[in-house]
Amino acid sequence: VSTQSTGDEFMATFSRMFQIRDDFCNLWDAKYAANKSYCEDLTEGKFSWVIVQGVLKEQAAGRSQIMSILKQRTSDDNVKRHCCKLLESLGVQKETQELLMEMEVELHRQIEEFGGNELFQTIVDRLSMKRVEILTS
């Protein structure tokens, strides 16, 4: 395994994990909501990774509530909470948490394969899902 391909693989995995984690935190992290605004991706009508997973699951079931909420670009916290509950009921929250934990393990493996790097290990640890304080809907 060349260091170039290992480095490219690490950066691709890290970038993907960082974005999905940000999407997750936008909807369910208490600290994120306190520092920014609650579910601002819904207010902005963003098709985040988490939202897309929910929309796809709803489409498969012949429903479109999440898409309707997204189109509203609502600032109503009750509507946002309802959307989060829909995502949770579809299993999106749990599946996203599991994916992020798997990606964290994979990043640690890649760092070790690359020869170890304390700074990268610390960054991945700081982004760990274990540090996210989940909001209850």
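How many helices and strands does the secondary structure of the protein chain come to? Load the predicted model and colour it by secondary structure: there are eight helices and zero strands. Read from the N terminus, the elements run α-α-α-α-α-α-α-α.

**Whole chain**

Start with the C-alpha trace, which spans about 50 × 35 × 20 Å along its principal axes. Colour by relative accessible area next; of the 137 residues in the protein chain, buried ones make up 42%. A contact map is also worth opening. Among contacts with a separation of 6 or more, 72% are between residues 24 or more positions apart.

**The nonpolar core**

Select Leu 27, Ile 51, Ile 66 and Leu 87. These are the residues with the most contacts inside the largest nonpolar core, which has 34 residues. Now show the elements that give two or more residues to this core: α1 (3-28), α2 (30-35), α4 (49-60), α5, α6 and α7 (92-113). The largest share comes from α1, with eight residues.

Centre on Leu 27 and display its neighbours. Leaving out residues up to four places away in sequence, Leu 27 touches Tyr 38, Cys 39, Leu 42, Val 50, Ile 51, Cys 84, Leu 87 and Leu 135. Two of the core residues named above, Ile 51 and Leu 87, are therefore in view again.

**The α5/α6 pair**

Select residues 65-72 for helix α5 and residues 77-89 for helix α6. Two packed helices are described by the angle between their axes and the distance between the axes. Here the angle is about 150° and the axes are 10 Å apart. Angles over 145 degrees count as roughly antiparallel, so that is how α5 and α6 are arranged relative to each other. Their crossing is left-handed.

Show side chains at the contact. From α5, pick Gln 65, Ile 66, Ile 69 and Gln 72; they meet Val 79, His 82, Cys 83, Leu 86 and Leu 87 of α6. By class, this contact has six nonpolar, three polar and no charged residues. Ile 66 and Leu 87 appear here as well as among the core residues with the most contacts.

**Gln 121**

Finish at helix α8, residues 118-126, and select Gln 121 within it. Is Gln 121 buried or exposed? Gln 121 has a relative accessible area of 15%; the cut-off for buried is under 20%, so Gln 121 counts as buried. Display the residues around Gln 121: apart from those up to four places away in sequence, it touches His 108, Ile 111 and Glu 112.

Note on methods
Residues numbered from 1 in each chain as written. Predicted model: local features only at pLDDT ≥ 70, side-chain atom pairs only at ≥ 80, totals over all residues. Heavy atoms only, no water. Axes fitted to C-alpha atoms, helices over the stretch in contact; angles between N-to-C directions. Helix = DSSP H or I, 4+ residues; strand = E, 2+ residues; numbered from the N terminus. Parallel < 35°, antiparallel > 145°, perpendicular 65-115°, else oblique. Left-handed = near helix turned anticlockwise from the far one by under 90°. Contact = heavy atoms within 4.5 Å. Nonpolar A, V, L, I, M, F, W, Y, C, P; charged D, E, K, R; others polar. Buried < 20%, exposed > 50% of the residue type's maximum accessible area, 1.4 Å probe, protein only. Core = buried A, V, L, I, M, F, W, Y, C linked by side-chain atoms within 4.5 Å.
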